[in-house]
Amino acid sequence: MNFKRIETIFIVAFIILNIFLFNSLVDRRNLHYVSTTADQIDLLEDMRQANIQLPTFDDQKQQAYAIQANNYDILEEEASQLEGQVGIVEEGLYYTSFLSNPIELEGSVEEGFTQADYDKLANFLRSSQVLFGEEYALGKLDKENGVFIYYHVVNGIPIMDGTSQIIFYIDTDNNVFSYHQLYIGETMQQGNPIQTISDLDAVKSAYQNNEISANTLVKKPVLSYQRTLYLDDLSMYVPVWTIEVEHSTRGKVLLQVDATDGSVIQQSVQANPSIRPLPERPDTGEN
């Protein structure tokens, strides 16, 4: 028996089998990719046919961590050192400031504000008149409520659930006369990094769960943090996609979609529900 010939036949057969299996795997992956891409295009076309205006998507998965925040009344402890304002601390967490000298701005709520206005607010935020102001970044100008909203940013991701933010209130002269602050304190990363779904997948999930209806405007989703656990001594936050949707009849609503599995974890709520009414300015005895 020619063992050398048999060995050669087995080697050739093994190589052919591996080539066949490799090609089969590639074909299956290509089929899955084509199917997934077709489904995605069909879903986008469905939304466009329903007169849903969509933003430009990044369509990229990202890496993010869950975070833990240690709850303590640091605003209450530190607020007394702030100058040029009269402040009120409520429940140890909510600090409201009434400025002795309002921040004068050039623009207006109706016509918009200038870059110089935004620079002035950014400088004030980083000044000694605001606690931990360097940890906040501009979120948006809310024209309906006449406020600027700045979000606490952790690991490059804003906390947009209303639990750690600064709101600048604009008076009738379009000047900032007061601000309201919430601060969750020091944060720590928890566990391993989480791979998120893309912003496009988040919108698709919301649409498939009937959270985005016809004749709406969908703003660009923002990867943000939302509190999922609140105890006396700590809070836990996880990454979510926050999607603002403008309805012709219901106004602006916010959707929160779990950034890991795409489930809708908070259904349509009014935008900026966390904006609190200002308390009365304390009487300092000054005329």
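**Exercise 1. Is Lys204 buried or exposed, and which residue does its side chain meet in a salt bridge?**

Solution. With a relative accessible area of 14%, Lys204 is buried, where buried means under 20% relative accessible area, exposed means over 50% and partly exposed lies in between, with a 1.4 Å probe and protein chains only. This is a predicted model, in which local features need pLDDT of at least 70, side-chain atom pairs count only at pLDDT 80 or more, and totals for chains, interfaces and linings use all residues. Residues are numbered from 1 along each chain as its sequence is written, and side-chain values use heavy atoms, with hydrogens and water left out.

Next, look for the partner: Lys204 forms a salt bridge (a side-chain nitrogen of Lys or Arg within 4 Å of a carboxyl oxygen of Asp or Glu) with Asp201, and their closest N and O atoms are 3.4 Å apart. Asp201, at 25% relative accessibility, counts as partly exposed.

Then place the two residues: both lie in helix α4, residues 199-208, three residues apart, which is about one turn of the helix. Helices (H or I, at least four residues) and strands (E, at least two) are DSSP runs, numbered from the N terminus. In general, an α-helix has 3.6 residues a turn, so residues three or four places apart point the same way.

**Exercise 2. How many of the ten residues of α4 are buried, and which residue with positive phi follows the helix?**

Solution. Eight of the ten residues are buried, and α4 is therefore mostly covered. Among the buried ones are Leu200, Val203 and Tyr207. After the helix comes Asn210, whose phi is positive, near 60°.

**Exercise 3. Which side chains does Glu244 meet in salt bridges?**

Solution. Begin with the whole structure, which holds seven salt bridges. One of these joins Glu244 to Lys140, at 3.1 Å from N to O. Because Glu244 lies in strand β12 (residues 234-247) and Lys140 in strand β4, the pair ties together parts that are 104 residues apart in sequence. Glu244 is buried, with a relative accessible area of 11%, whereas Lys140 counts as partly exposed at 22%.

A second partner is Lys252, whose closest N atom is 4.0 Å from the closest O atom of Glu244; Lys252 is partly exposed, at 28% relative accessibility. Finally, salt bridges that share partners join Lys140, Lys219, Glu244, Glu246 and Lys252 into one network.

**Exercise 4. How many aromatic pairs does the structure contain, and how are the rings of Phe124 and Phe168 arranged?**

Solution. A search of the whole structure finds nine aromatic pairs. Rings of Phe, Tyr and Trp (its six-membered ring) pair if their centres lie within 6.5 Å; planes under 30 degrees apart count as stacked, over 60 as edge-to-face and the rest as tilted. For Phe124 and Phe168 the centres are 6.0 Å apart and the planes are at 65°, so this pair is edge-to-face. Since Phe124 lies in helix α3 (residues 115-125) and Phe168 in strand β7 (residues 165-170), the pair ties together parts that are 44 residues apart in sequence. Both Phe124 and Phe168 are buried.

Compare this with Tyr136 and Tyr183, a tilted pair with 6.4 Å from centre to centre and 40° between the planes. Tyr136 is buried at 7% relative accessibility, and Tyr183 is buried at 7%. To finish, ring pairs link Tyr95, Phe124, Tyr150, Phe168 and Tyr179 into a cluster.
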